[in-house]
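Please read the following account alongside the sequence and the coordinates. It moves from an aromatic pair to a nonpolar core and then to the pairing of strands.

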Amino acid sequence: MGRIIVLLLVVLHAIPVKGQENNLSRIISVDYKEQSLGSILEDLRKHQSLQLTYSSGQLNLKERLTLKMEKQPAKKVLEALCRLATLEYSVVGKQIILKPRKESEPDGKSGLNTPYQTIRGLVSDKISGVPLPGATVIVQSSGPATGVNTGEDGVFHLKSIPVGRHELTISLLGYETIRLPNVLLTSGKELYLYIELPELVSSLGAVTVNGNNTRRPLNEMAGVSARSFSVEETGRYAASVFDPARMVMNFAGITSSDDGSNEVIIRGNSPKGVQWRLEGIEIMNPNHFGEEGGSGGGISMISSGMLGTSDFLTGAFPAEYGNALSGIFDLRFRTGNTAKREYAIMAGALGTEASAEGPFRTCGKASYLVNYRYSTLSLLDKAGISPFGENGVPDYQDLAYNLNFPTAKAGTFSLFGIGGSVRKT
């Protein structure tokens with residue numbers, strides 16, 4: 001009789017687990033837009049028969065999320081929600097237990113260390129520059145679409161996004177929808193995006209043809225022969241080696257004067273007629289090993305890690321520019337991370353560099369960004385490995401910094417600069 005009782009207990013204990021697995025395998029459809037995590041979990045519990053268990057003190061139930069999936073197993077929907085809200089789950093009997101998951105922890109469903117990273121940024125009006133609250137930012141890549149809405153200050157954070165190339169869609173009522181294809185997200189650093197939305201203008205009774213120019217210059221007075229470029233482009237084009245001057249040699253009407261120099265010839269004009277500007281201020285030639293009076297050199301003095309989206313003009317310069325006959329590089333420094341402190345070390349053909357960025361104090365808006373670089377070839381020579389033999393090794397170093405101090409009433413104060421030195425051993 002005792003054996004019969006034990007067998008009955010085992011069967012009764014197995015029935016709830018099987019029933020819960022059947023619930024997770026059911027095909028369901030969900031469409032949540034700007035809904036709080038608490039309301040999403042309540043909907044899954046009532047309408048999808050998922051018995052969810054969690055501690056309200058551990059989960060941010062007020063966090064607003066966007067998730068849309070059609071005809072997918074409930075397990076896939078739950079995994080997508082966990083990735084979006086940085087959660088993990090486990091099944092115990094009929095209960096599905098939810099708890100927070102750190103971005104650096106392994107993916108509990110695959111058992112692998114899946115690299116994740118955060119995409120953050122600011123959405124503002126293209127004309128006035130005023131931050132836009134309530135704009136929807138959606139990552140439309142492989143897998144389910146995930147998204148968030150910008151806060152009152154126009155800032156958004158997309159957490160736990162798998163590294164790789166993604167496509168982002170930014171939309172807001174009354175504004176044109178912007179699509180950003182092939183956005184590269186790496187595991188070593190958060191991706192910051194500054195997005196400007198143009199107002200939506202509708203004309204009735206007429207046909208409007210709009211040019212698809214996704215690289216309009218930052219300077220609104222530059223109507224023609226100008227375009228903006230990003231740091232990602234300086235590494236995407238052939239032989240650009242993260243140098244803006246070498247990158248523009250891939251554009252029409254532009255060629256180089258020498259393979260060993262980044263001087264550019266624009267429509268046959270002299271390379272000495274190219275002007276360099278940094279944050280709206282005309283500067284001297286920011287390149288190592290440049291000739292006297294020249295506009296280029298062997299290696300750029302400004303690391304690509306310091307640059308933000310900048311302008312390149314090849315003619316019909318606005319009135320604010322002077323002392324330029326050929327072209328203009330109007331460079332802009334990006335601001336440091338205001339959310340957390342980050343440190344990076346990179347070694348390459350252009351040099352070995354170290355950078356640091358972050359807020360001056362926790363939850364503050366003031367930030368710093370500092371980058372120092374030293375010649376990699378010189379380091380190898382000092383270690384007894386000289387690729388040049390007795391012909392001499394280029395020895396150079398440079399330092400760049402950008403300190404940003406926003407204020408509530410007096411505007412934004414910034415302190416920036418670059419410097420470098422070279423010698424040949």
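## Aromatic pairs

Phe416 is partly exposed, with a relative accessible area of 24%, whereas Phe333 is buried at 7%; here buried means under 20% relative accessible area, exposed means over 50%, and partly exposed lies in between, with a 1.4 Å probe and protein chains only. The model is predicted, so local features need pLDDT of at least 70 and side-chain atom pairs count only at pLDDT 80 or more, while totals for chains, interfaces and linings use all residues. Residues are numbered from 1 along each chain as its sequence is written, and side-chain values use heavy atoms, with hydrogens and water left out.

Rings of Phe, Tyr and Trp (for Trp the six-membered ring) are taken as a pair if their centres lie within 6.5 Å, and planes under 30 degrees apart count as stacked, over 60 as edge-to-face and the rest as tilted. By this rule the count comes to seven aromatic pairs. In one of them, the ring centres of Phe333 and Phe416 are 6.4 Å apart and the planes stand at 85°, so the pair is edge-to-face. This pair links distant parts of the chain, 83 residues apart: Phe333 lies in the loop between strand E21 (327-331) and strand E22 (342-348), and Phe416 lies in strand E26 (residues 412-424). Helices (H or I, at least four residues) and strands (E, at least two) are DSSP runs, numbered from the N terminus. One aromatic cluster is formed by Phe251, Trp276, Phe312 and Phe329.

## The largest nonpolar core

A nonpolar core is a set of buried Ala, Val, Leu, Ile, Met, Phe, Trp, Tyr and Cys residues joined through side-chain atoms within 4.5 Å. The largest one has 26 residues, and those with the most contacts inside it are Leu37, Leu44, Leu67 and Leu81. Two or more residues each come from strand E1 (27-36), helix H2 (37-47), strand E3 (64-73), helix H3 (74-85), strand E4 (87-92) and strand E5 (95-100), and the largest share, eight residues, comes from H3. Contact means heavy atoms within 4.5 Å; leaving aside neighbours within four places in sequence, the contacts of Leu37 include Leu61, Leu65, Leu81 and Leu87.

Helix H3 is mostly covered, as nine of its 12 residues are buried, among them Val77, Leu78, Leu81 and Leu84. The expected span of a helix is 1.5 Å times one less than its number of residues; for the 12 residues of H3 this gives 16 Å, and the end C-alpha atoms are 16 Å apart, which agrees. Just after H3, Thr86 takes a positive phi of about 55°.

## Strand pairing

Two strands pair if DSSP finds at least two bridges between them. The table sets out three such pairings.

| Strands | Sense | Bridges | One opposed residue pair |
|---|---|---|---|
| E6 and E9 | antiparallel | six bridges | Tyr116 and Pro162 |
| E3 and E8 | antiparallel | three bridges | Leu67 and Thr146 |
| E7 and E8 | antiparallel | four bridges | Val139 and Thr146 |

Thr146 of E8 is thus the bridge partner of Leu67 and also stands opposite Val139. Strand E8 (residues 145-149) is largely enclosed by the rest of the structure, because four of its five residues are buried.

Elsewhere, three strands form an open sheet in the order E9-E6-E12, with mixed pairing. Its edge strands, E9 (155-162) and E12 (191-197), each pair on one side only.
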